[in-house]
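Visitor: Could you walk me through this one? I'm new to reading structures.

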Amino acid sequence: MSPNITSILLIYTGGTIGMIENPETGALENFNLEQLKKHVPELQNFTFHIDTYQFDPPMDSSDMDPEAWRKLVHIISDHYDRYTGFVILHGTDTMAYTASALSFMLEGLSKPVILTGSQLPIGVLRTDGKENLLTSLEIASARDAKGNPLVPEVCIFFENHLMRGNRTIKMNAENFNAFRSFNYPVLAEAGIHIKYNNVQIRFKEVERELKPHYLLDTNVAVLKLFPGIQENVVSSILSIEGLKAVVLETYGSGNAPRKEWFIRRLRNACEQGIVIVNVTQCSAGTVEMERYETGYQLMQAGVVCGYDSTTESAVTKLMFLLGHGYTPDEVRKRMRTPMAGEITTI
């Protein structure tokens, strides 16, 4: 397809947005994307071409895994030259993980990849899916006067806000405003007009070819601290066979208990080559390990500062780096360095 012709590939992985209610049983069932125009007749008003690709069978977002991420990267890579942008319909529960993973796996991306979904099925009267879908398509197709995409990165669009994918978390299971980007400004807001925050969007100074990546290592664990956590719990996680990295969810600005056994366990794990990354349990804010003695002790033990990374981003970035065979020291260094706008280090 000519690069001057706007065209979007709509990829349906599964999730609530692509469901309709069975009139006989009342149960929610996946529908074929070919039926989409019936439920969203407004699609016919777009002046650009829309093709569809559907996972068969559709996947519940709770079942999404690295194999599904590889499949998405394959689809985007195989069709990259044919389309102006890509919209992925995805279940909300793990959308932030998928968006984070794709941001690392699609190196050199210069086209929009917009993930969206809904809290209510698209066939329901009050669905949020219709507006999320239509606006995502409009954003994915948006180009400037020179024909360059306005948002050439992996994003999540939900309830009028376009957010960087690897900065986003699901923070509400009930409201339509299900996602937030607490530590980074939104990239666009959709009201009567779509207002783009160009200062915050990642534009590449030099045009690069897409370099898809497929190597991921899932020998990663998440350890969330809580008052009263026992040594045997920490020990059990850090002694998991084959474990290569841990995302440590600490208090506040990166603080943790000062118990001798806790620091010793972390130091021993780091010395054995396990990469431990410190991220905060707070929705907003950043890790400052030198601010308090409790955080400083973690740094002395070999724990890496995760700055303002989300847990979803830290987990998928570790999978990516470990999958590419970097040494523990190299992984630690790269976890402190932004790869796709996922952290702010200053």
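**A short tour**

Guide: Sure! This is a predicted model, where local features need pLDDT of at least 70, side-chain atom pairs count only at pLDDT 80 or more, and totals for chains, interfaces and linings use all residues. Residues are numbered from 1 along each chain as its sequence is written, and side-chain values use heavy atoms, leaving out hydrogens and water.

Visitor: How many of the residues in α4 are buried?

Guide: Helices here are DSSP runs (H or I, at least four residues), numbered from the N terminus. Helix α4 covers residues 129-141, and L133, L134 and I139 are among its buried residues. Buried means under 20% relative accessible area (1.4 Å probe, protein chains only). The count for α4 is 10 of 13.

Visitor: Which helix gives the largest share of the largest nonpolar core?

Guide: A nonpolar core is a set of buried Ala, Val, Leu, Ile, Met, Phe, Trp, Tyr and Cys residues joined through side-chain atoms within 4.5 Å. The largest one has 49 residues, and L106, V113, L115 and L318 have the most contacts inside it. Seven of its residues, the largest share, come from helix α8.

Visitor: How many disulfides does a search of the whole structure find?

Guide: A disulfide is a covalent bond between the sulfur atoms of two cysteines. Here it is counted as a pair of cysteine sulfur atoms within 2.5 Å. For C270, the nearest cysteine sulfur, that of C305, is 13 Å away. Across the whole structure, the number found is zero.

Conventions. Helices (H or I, at least four residues) and strands (E, at least two) are DSSP runs, numbered from the N terminus. The expected span of a helix is 1.5 Å times one less than its number of residues. Buried means under 20% relative accessible area, exposed over 50%, partly exposed in between (1.4 Å probe, protein chains only).
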